[in-house]
Amino acid sequence: MAGDSLKKPVFSGVSCICIMVDDVNEAFQYYERLLGAVSREYFPYWRNKGFFKGMGFIKEAGESEVSVGTMDVPGTGLTLTLMRFHYPEGRKTPVMFKANDMSGARFVSLETENLEEAFAYISSQPDVRMINQSGEYRVTQYSVTRPFDFLCFDWEMEGNFDKKQEEAERISARRFFHFIDKYGLQWEFVQNRKEL
């Protein structure tokens, strides 16, 4: 094959998650309130041909304009990049996918030290939608997972029943909840691994 001599990418970290928004200044306030994110940079009405060419707008690069904001989510190493395209414009309403809909990445997962408090806080926010809107939806724990329910690609662990049982117990103890923010991005807050 022609691609056999090509090397796979070598990664050094996560760069960012980009969220398309209708107003970057409003989104700064929203994610500060929702996640405690800290604003880092703001490019209002930015015109940069290289940026737009890289985004695929080759012919429109000279006239294109975007507002871009970046925020850091403390304790995670995660950066949010908030974008509002002024030209060329795209769809104006977010798509709200269900948990089982196919298309793109389904959710961003953050480990949370205070899961129950985080659930109470997030579910009280007026501009989020819990993944299930019934009053029965709560922080949920996985059902019992057994060693024969999954396969480990670490063959040493796969062949060691005690280690695999330990992993199954860790998986079974996992607690989490999901919600969708006002821009259509689904989030998972999951119990910190150190607590499992």
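**Exercise 1.** Find which lysine lies over the face of phenylalanine 150 in this predicted model.

*Solution.* Start with the cut-off: NZ of Lys has to be within 6 Å of the ring centre and within 35 degrees of the ring normal. Lysine 164 lies over the face of phenylalanine 150, at 4.8 Å from the ring centre. Next, try tyrosine 30: lysine 182 sits over the face of that ring, 5.0 Å from its centre.

**Exercise 2.** Classify the ring pair of phenylalanine 51 and phenylalanine 52.

*Solution.* Ring pairs in this model number 16. For phenylalanine 51 and phenylalanine 52, the centres are 5.0 Å apart and the planes stand at 90°, so the pair is edge-to-face. Both phenylalanine 51 and phenylalanine 52 are buried. Now widen the view: ring pairs link these two with Phe43, Trp46, Phe57 and Phe85 into a cluster.

**Exercise 3.** Do the same for phenylalanine 119 and tyrosine 137, then work out what the pair ties together.

*Solution.* With 6.2 Å centre to centre and 50° between the planes, this pair is tilted. Phenylalanine 119 belongs to helix H3 (residues 115-123), while tyrosine 137 is in the loop between strand E6 (128-130) and strand E7 (140-141), so the pair ties together parts 18 residues apart in sequence. Phenylalanine 119 and tyrosine 137 are both buried.

**Exercise 4.** Inspect the backbone at tyrosine 45 and at the bond from tyrosine 87 to proline 88.

*Solution.* Recall that most residues other than glycine have a negative phi, and most peptide bonds are trans. Tyrosine 45, in strand E2 (residues 38-46), has a positive phi of about 45°. Tyrosine 45 is exposed, with a relative accessible area of 53%. The bond from tyrosine 87 to proline 88 is cis, with omega near -5°.

Terms used
Residues are numbered from 1 along each chain as its sequence is written. This is a predicted model: local features need pLDDT of at least 70, side-chain atom pairs count only at pLDDT 80 or more; totals for chains, interfaces and linings use all residues. Side-chain values use heavy atoms; hydrogens and water are left out. Rings of Phe, Tyr and Trp (its six-membered ring) pair if their centres lie within 6.5 Å; planes under 30 degrees apart count as stacked, over 60 as edge-to-face and the rest as tilted. Buried means under 20% relative accessible area, exposed over 50%, partly exposed in between (1.4 Å probe, protein chains only). Helices (H or I, at least four residues) and strands (E, at least two) are DSSP runs, numbered from the N terminus.
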